[in-house]
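Visitor: Got a minute to walk me through this one? Short answers are fine.

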Amino acid sequence: MTNKTAATRYARALLDVAVKESANLEQIETDLAAFADLFTQYPALAKVLLNPAVPVPRKHAAVAELVARAKVAPILGKLLLLLANRDRLVLVPDLLAAYRDRLMDYRHVVRAEVTTATPIDAVRVQQIQNGLAKATGRTVTIATKTDPAIIGGLVARVGSTVYDASVVRQLERMKERLENV
């Protein structure tokens, strides 16, 4: 089993338990992000906690101390201690990403990436966001980027679905039609 697969399973379990116990889902995300940031902020700590040569009881004690000092949500504290006992703390960054994805899915929110030829203003972004929300039936958060190669129009990626309304694509379709005639 890959790390991402394992992290996804742990994230699913974490969210399911948190929802069942009516825990603060945002607080769990914040606490998990803070714990994951410890690995980047303190490379020596990451080296110890992620090193397979360090005995599991020492990792458990270190994580228990970190959890107590950080006052993380009890559900998350139990999961982090479980990961320490199983020597799976390497999953924490992937667990954070998977938890965020599961939380967005739970809230019926989807991410979209909109590419335009030139920068667009906030009003137009809101219009696109509303249109994508109608098309997907979910709340949409948008990240925009520019690519002059599309000439005009826009390309929206929502999950694995691509809505291509670019001038380049329209020209390609015209070319195909003319070649087939």
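**Helix contacts, cores and loops**

Guide: Start with H2 and H3: their axes come within 5 Å and cross at roughly 105°. Axes here are lines fitted to C-alpha atoms, for helices over the stretch in contact, with angles from 0 to 180 degrees between N-to-C directions. Helices (H or I, at least four residues) and strands (E, at least two) are DSSP runs, numbered from the N terminus.

Visitor: Is this model predicted, and what are the ground rules?

Guide: It is a predicted model, where local features need pLDDT of at least 70, side-chain atom pairs count only at pLDDT 80 or more, and totals for chains, interfaces and linings use all residues. Residues are numbered from 1 along each chain as its sequence is written, and side-chain values use heavy atoms, with hydrogens and water left out.

Visitor: Back to H2 and H3. What do we call that crossing: parallel or perpendicular?

Guide: H2 and H3 are roughly perpendicular to each other. The classes are under 35 degrees for roughly parallel, over 145 for roughly antiparallel, 65 to 115 for roughly perpendicular, and oblique for the rest.

Visitor: Which residues make the contact?

Guide: H2 brings Leu38, Phe39, Thr40 and Gln41, while H3 brings Pro43, Leu45, Ala46, Leu49 and Leu50. Contact means heavy atoms within 4.5 Å. By type, the residues of this contact are seven nonpolar, two polar and no charged. Ala, Val, Leu, Ile, Met, Phe, Trp, Tyr, Cys and Pro count as nonpolar, Asp, Glu, Lys and Arg as charged, and the others, Gly among them, as polar.

Visitor: Okay, cores. Which residues touch the most other members of the largest one?

Guide: The largest nonpolar core has 35 residues, and Leu32, Leu80, Leu83, Val92 and Tyr99 touch the most other members. H1, H2, H3, H4, H5 and H6 each supply at least two residues of this core. H2 gives the most, with eight residues. A nonpolar core is a set of buried Ala, Val, Leu, Ile, Met, Phe, Trp, Tyr and Cys residues joined through side-chain atoms within 4.5 Å.

Visitor: What does Leu83 touch?

Guide: Leu83 touches Tyr10, Arg88, Leu89, Leu91, Val92 and Leu95, leaving out residues up to four places away in sequence. Another core, of nine residues, lies apart from the largest one; Val110, Ala112, Val140 and Ala156 are among them.

Visitor: Now H6. What span should its 15 residues have?

Guide: H6 covers residues 92-106 and should span 21 Å at 1.5 Å a residue; its end C-alpha atoms are 20 Å apart, which agrees. The expected span is 1.5 Å times one less than the number of residues.

Visitor: Which H6 residues are buried?

Guide: Val92, Leu95, Leu96, Ala98, Tyr99, Leu103 and Met104. Buried means under 20% relative accessible area, exposed over 50%, partly exposed in between (1.4 Å probe, protein chains only). The buried residues of H6 pack against helices H1, H2 and H5, and against strands E1 and E2.

Visitor: What follows H6?

Guide: His108, with a positive phi near 60°. Asp87 also has a positive phi, about 55°, although it is not a glycine. Asp87 sits in the loop between H5 and H6. Asp87 is partly exposed, at 29% relative accessible area.

Visitor: Where does Ile151 lie?

Guide: Ile151 is in the loop between E2 and E3. Its phi is positive too, near 65°. Ile151 is exposed, with a relative accessible area of 54%.

Visitor: Why flag these phi values?

Guide: Because most residues other than glycine have a negative phi.

Visitor: Same loop, then: is Asp147 buried or partly exposed?

Guide: Asp147 lies in the loop between E2 and E3 and is partly exposed, at 31%. Asp147 touches Thr115, Thr116 and Ala117, not counting residues up to four places away in sequence. The C-alpha atoms of Asp147 and Thr115 are separated by 6.4 Å, with the two residues 32 apart along the chain.

Visitor: And Thr115, buried or exposed?

Guide: Thr115 is buried, at 4% relative accessible area. Thr115 lies in strand E1. Its contacts include Lys145, Ile150 and Val155.

Visitor: Last one. What about Val72?

Guide: Val72 is in the loop between H4 and H5, and counts as buried at 13% relative accessibility. Val72 touches Asp31, Val67 and Gly77, again not counting residues up to four places away in sequence.
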